Amino acid sequence: MGIKTGFVIGFGVGYVLGAKAGRERYQDIRRWWGQFTGSPTVQKAAERTRAVAADASKRGLGVVQSGVERAGSAVRSRLHKVDPNEPLVDQLETQSGSSPEQGPDTAKDAFRGSTRS
């Protein structure tokens, strides 16, 4: 059964049952709901829930903000940092006298000490 079909069937059953119960039953349910939500115990629980939710949302916001700040500073530092391979390339060029593009074709050639001409 699809979601739409289930929704239509549920709506239809609710409508029929509600129509059969009539206005008196509706008023009974409203009175009961008013007594339930007006209860001091329920109101205390609702207030505690609101307080916990507000506290958790503040903590969550703080965590997200600190994460964004850390990510932003990491990106800034990487954008302004010199390429870490630059000193290595310069060092290789000065030691061997040739640029890395003129190096051996394979790792075997590099370990054998042979270079291409």
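Helices here are DSSP runs of H or I with at least four residues, numbered from the N terminus. Welcome to this predicted model. Two of its helices, α1 (residues 3-38) and α2 (residues 40-79), are a good place to begin.

**How α1 meets α2**
- The axes of α1 and α2 come within 5 Å, and they cross at roughly 60 degrees.
- That crossing makes α1 oblique to α2, because angles from 65 to 115 degrees would count as roughly perpendicular and those under 35 as roughly parallel.
- On the α1 side, the contact is made by Phe36, Thr37 and Gly38, while α2 brings Pro40, Val42 and Gln43.
- Sorted by class, this contact has 3 nonpolar and 3 polar residues, with no charged ones.

**The bend in α1**
- Follow α1 along to glycine 22, and you will find that the helix bends there by about 100 degrees.
- Between its end C-alpha atoms, α1 spans only 35 Å, whereas a straight helix of 36 residues would span 52 Å at 1.5 Å a residue.

**Aromatic rings**
- The count of aromatic pairs comes to 3.
- One of them joins tryptophan 32 and phenylalanine 36 in a stacked arrangement, 5.5 Å centre to centre with 10 degrees between the planes.
- Both tryptophan 32 and phenylalanine 36 belong to helix α1, where they sit 4 residues apart, about one turn of the helix.
- Phe36 also appears among the residues that make the contact with α2.

Key. Residues are numbered from 1 along each chain as its sequence is written. This is a predicted model: local features need pLDDT of at least 70, side-chain atom pairs count only at pLDDT 80 or more; totals for chains, interfaces and linings use all residues. Side-chain values use heavy atoms; hydrogens and water are left out. Axes are lines fitted to C-alpha atoms, for helices over the stretch in contact, and angles run from 0 to 180 degrees between N-to-C directions. Angles under 35 degrees count as roughly parallel, over 145 as roughly antiparallel, 65 to 115 as roughly perpendicular and the rest as oblique. Contact means heavy atoms within 4.5 Å. Ala, Val, Leu, Ile, Met, Phe, Trp, Tyr, Cys and Pro count as nonpolar, Asp, Glu, Lys and Arg as charged, and the others, Gly among them, as polar. The expected span of a helix is 1.5 Å times one less than its number of residues. The bend at a residue is the angle between axes fitted to the seven residues ending there and the seven starting there. Rings of Phe, Tyr and Trp (its six-membered ring) pair if their centres lie within 6.5 Å; planes under 30 degrees apart count as stacked, over 60 as edge-to-face and the rest as tilted.
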